[in-house]
Amino acid sequence: MKKTGVFGGSFNPPHLGHRRLAVSAADRLGLDRVIIMPAGVPPHKVPVAFAGAADRAEMCRLTFADDPRFEISTLEIERGNKSYTVDTLNELKKIYPGDEFYLITGSDMLETFKQWYKWEEILSLAYVCTAVREKSAKLDYSGYTAQQKKRFIPIDAEPVEISSTAIRNALASGSDVSQYLDGRVVDYIKINALYADRFPQYRRLVESNLDSARLNHSFGVSRAARKLALQYGANADKAELAGLLHDVMKNAPKEEQKSVIERGGHKLTAVELANSKVWHAMAGEAFLRLKTDIDDPEILSAVRRHTTGAAGMSLLDKIVYIADFISEERDYPDVATVRALAAESLEKAIIYTTTYTIRDLAQKGLPIHPDTVDCYNDTLIKLTEGE
Ligand code: FE
Ligand code: FE
């Protein structure tokens with residue numbers, strides 16, 4: 001029978017305190033493996049900005065990878081919703097039917113354990129292992145039966161002196177946190193520009209204009225746009241900002257969208273009038289131009305073109321348009337295909353998505369914006385010429 005530890009958390013970011021706890025647990029309990037389980041983020045919860053689930057999983061890999069006992073599981077991330085520990089344990093039990101499970105938790109867990117969903121079942125599925133400070137306060141097991149008490153195992157581990165929240169705040173203010181993180185995580189954060197609040201004014205703007213699902217999407221698109229910009233040699237800051245702002249008018253009432261488009265000097269065409277879904281892109285551009293300091297024509301263009309596409313799109317236009325399809329919270333059926341195409345060529349991804357959009361609209365009997373058709377034709381012809 002194998003002894004399997006399960007260590008879950010947001011890991012936003014994972015730090016050396018997490019690692020020390022996991023190593024202590026593995027050593028003291030003689031665990032054969034420890035499953036590191038970064039939590040998924042429920043779409044309705046107010047999102048924590050600046051690092052996506054994929055980033056958190058990758059940073060876990062970097063923090064824990066060099067000890068062969070550790071493995072990273074994306075089970076909860078893939079579930080994409082709030083995961084209950086009890087469900088995760090039941091699922092792991094199916095994957096590793098013969099194993100004995102040890103849930104690894106921080107020292108404050110015991111105070112709230114009875115509020116956990118189905119805590120009694122958790123105790124029947126796993127030993128609950130809690131870090132304790134040497135010599136200091138003993139764990140308080142009052143209120144548990146003798147049988148239940150046996151399922152708690154104190155681990156004598158150095159307490160974690162820093163929280164991920166404190167690390168995020170320090171990173172946002174530019175302080176040095178390298179002593180708390182694996183060096184590879186420090187590099188990863190730097191390269192991917194995580195946790196830096198680069199556009200606080202515009203972050204607050206979208207936070208006050210969008211609901212939490214749309215906000216989560218906007219943060220996702222800004223990160224995806226930044227990554228594509230780094231890959232394809234565009235200005236990463238502009239891409240990130242355009243991604244952050246692209247849906248800024250999405251939650252505004254339709255009438256408001258329409259009026260800002262008109263104030264911006266555009267008269268809606270018959271096709272546009274017939275499909276209000278495309279308004280928010282034009283409205284977003286007009287809103288930013290009229291009501292904010294954004295006057296960069298490239299950013300304004302990328303926001304304007306993000307829904308319909310257009311012929312002759314700039315690199316930044318293409319990046320924001322595709323980032324909108326591949327951001328990490330997207331989960332439509334062929335998102336993996338679009339992600340793979342985007343990694344290979346923005347144009348190939350654009351052909352795929354415009355083909356899908358045109359076919360979908362036609363099948364539903366909806367009008368197709370001429371910019372989408374132009375985008376398809378233009379991209380197709382340039383791709384064929386390039387071959
Ligand atoms: Fe949009
Ligand atoms: Fe969007």
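The exchange below concerns a predicted model and the site of one of its iron ions.

Visitor: What makes His217, His246, Asp247 and Asp324 donors of the iron ion (ligand 2)?

Guide: Their atoms, NE2 of both histidines and OD of both aspartates, lie 2.2 to 2.3 Å from the iron ion (ligand 2). A donor is an N, O or S atom within 2.8 Å of such a metal, so these atoms count. Along the chain the donors follow the spacing H-x28-H-D-x76-D.

Visitor: Why is the site of the iron ion (ligand 2) called irregular?

Guide: The angles among its four donor atoms run from 78 to 167°. A tetrahedral site needs all angles between 85 and 135 degrees, so that label is excluded. The site is classed as irregular. Water is not among the atoms, so sites may look incomplete.

Visitor: Which residue bridges the iron ion (ligand 2) and the iron ion (ligand 1)?

Guide: Asp247 does, and the two ions lie 3.2 Å apart.

Visitor: Why are His246 and Asp247 called buried?

Guide: His246 has a relative accessible area of 0%, and Asp247 has 1%. Buried means under 20%, so both residues qualify. In the protein as a whole, 49% of the 387 residues count as buried.

Visitor: How do you know which contacts join residues 24 or more positions apart, and what is their share?

Guide: A contact is a pair of heavy atoms within 4.5 Å. Among contacts with a separation of 6 or more, residues 24 or more positions apart account for 71%. The protein holds 20 helices and six strands.

Methods
Residues are numbered from 1 along each chain as its sequence is written. Chains are lettered from A and ligands numbered from 1 in the order in which they are written. This is a predicted model: local features need pLDDT of at least 70, side-chain atom pairs count only at pLDDT 80 or more; totals for chains, interfaces and linings use all residues. Side-chain values use heavy atoms; hydrogens and water are left out. Helices (H or I, at least four residues) and strands (E, at least two) are DSSP runs, numbered from the N terminus. Buried means under 20% relative accessible area, exposed over 50%, partly exposed in between (1.4 Å probe, protein chains only). Four donors count as tetrahedral if all angles lie between 85 and 135 degrees; four count as square planar and six as octahedral if opposite donors are over 155 degrees apart and all others between 65 and 115; anything else is irregular.
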